[in-house]
Amino acid sequence: MTKVAVLLTQGFADWEYGVLCGLGQGYFGLEIRFVTPVPGAVTSMGGLVARVVDGLDLLEAWAPDALVVIGGTIWERPEAPDVVDVLRAAHRRGAVVAGICGGTLALARAGLLNAVRHTSNDAAFLGTHADSYAGSATYLEQPTAVSDGRVVTAAGTAPVSFAAEVMAALDVPAETVHQLKSMLGGEHRALRSDAA
């Protein structure tokens, strides 16, 4: 089974992990485990209190195939956890490393966005909140997730394409990834045809 570690922090964004974790584990065969810098209660932006029992030390022993950093406003603040070494180590050993919304700041601080095509909330967001970011030449301004060199990035408004790109990077069959995008994009197709 493909193993995915999902990093949550205080104030994590409720809408950014659900597609990947719920459908990924429930329907597409991913084994999901949640980690946090300090195990215990983690409260989402929407007020959901999650009890996360695993800390970052799980990553070395469990060796997940992907490490996914979920966004939240903490990544924009000085008290953001330092996960640079954790992200670099995961990428070095061949894992997919993914970040959505504020989670892309963690990847930028680790230098993982400096030489791959990537996206985020916008280009200035990365430069403003990650001093070591030097990847503006490969930044893509687009509404959907980007995957390059085992690094997946997305704006906070793109949880569906983010989940799909993470799964594709993990070699989930293309037909399955297409099924996911088609299923979750259906409501938008209906809106477009109604407007015509």
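Trainee: Which residue follows H6 and has a positive phi?

Mentor: This is a predicted model, in which local features need pLDDT of at least 70, side-chain atom pairs count only at pLDDT 80 or more, and totals for chains, interfaces and linings use all residues. Residue numbers start from 1 along each chain as its sequence is written, and side-chain values use heavy atoms, with hydrogens and water left out. Helices (H or I, at least four residues) and strands (E, at least two) are DSSP runs, numbered from the N terminus. After H6 comes a residue with a positive phi, near 65°, and that residue is Asp171.

Trainee: Is Asp171 buried or exposed?

Mentor: Asp171 sits in the loop between H6 and helix H7 (174–195). Buried means under 20% relative accessible area, exposed over 50%, and partly exposed in between (1.4 Å probe, protein chains only). Because its relative accessibility is 67%, Asp171 counts as exposed.

Trainee: What is the relative accessible area of Arg150?

Mentor: Arg150 is not a glycine, yet it has a positive phi of about 65°. Its place is the loop between strand S7 (146–148) and strand S8 (151–154). Arg150 is partly exposed, since its relative accessible area is 36%.

Trainee: Back to H6: at roughly what angle do the axes of H1 and H6 cross?

Mentor: Axes are lines fitted to C-alpha atoms, for helices over the stretch in contact, and angles run from 0 to 180 degrees between N-to-C directions. The axes of helix H1 (residues 18–26) and helix H6 (residues 159–169) come within 8 Å, and they cross at roughly 50°. That makes H1 oblique to H6, because angles under 35 degrees count as roughly parallel, over 145 as roughly antiparallel, 65 to 115 as roughly perpendicular and the rest as oblique. So the angle you asked for is roughly 50°.

Trainee: How many nonpolar residues are in the contact of H1 with H6?

Mentor: Contact means heavy atoms within 4.5 Å; Val19, Leu20 and Gly24 in H1 meet Pro159, Val160, Ala163, Val166 and Met167 in H6. Ala, Val, Leu, Ile, Met, Phe, Trp, Tyr, Cys and Pro count as nonpolar, Asp, Glu, Lys and Arg as charged, and the others, Gly among them, as polar. The contact of H1 with H6 has no charged residue and one polar, while the nonpolar ones number seven.

Trainee: Which residue offers a backbone oxygen to the side chain of His91?

Mentor: His91 lies in helix H3 (residues 84–92) and counts as buried, because its relative accessibility is 19%. Leaving aside residues up to four places away in sequence, His91 touches Val97, Leu112, Gly149, Arg150 and Val151. At 3.0 Å from a polar atom of the His91 side chain is the backbone oxygen of Gly149.

Trainee: And which residue has a side chain joined to that of Asp54 by a polar contact?

Mentor: Asp54 is in the loop between strand S4 (49–52) and helix H2 (58–62), and at 17% relative accessibility Asp54 counts as buried. A polar contact is a pair of N or O atoms within 3.5 Å; within protein, one must be able to donate a hydrogen and the other to accept it, and residues adjacent in sequence count only if both atoms are side-chain atoms. At 3.1 Å, the side chain of Asp54 is joined to that of Arg33.
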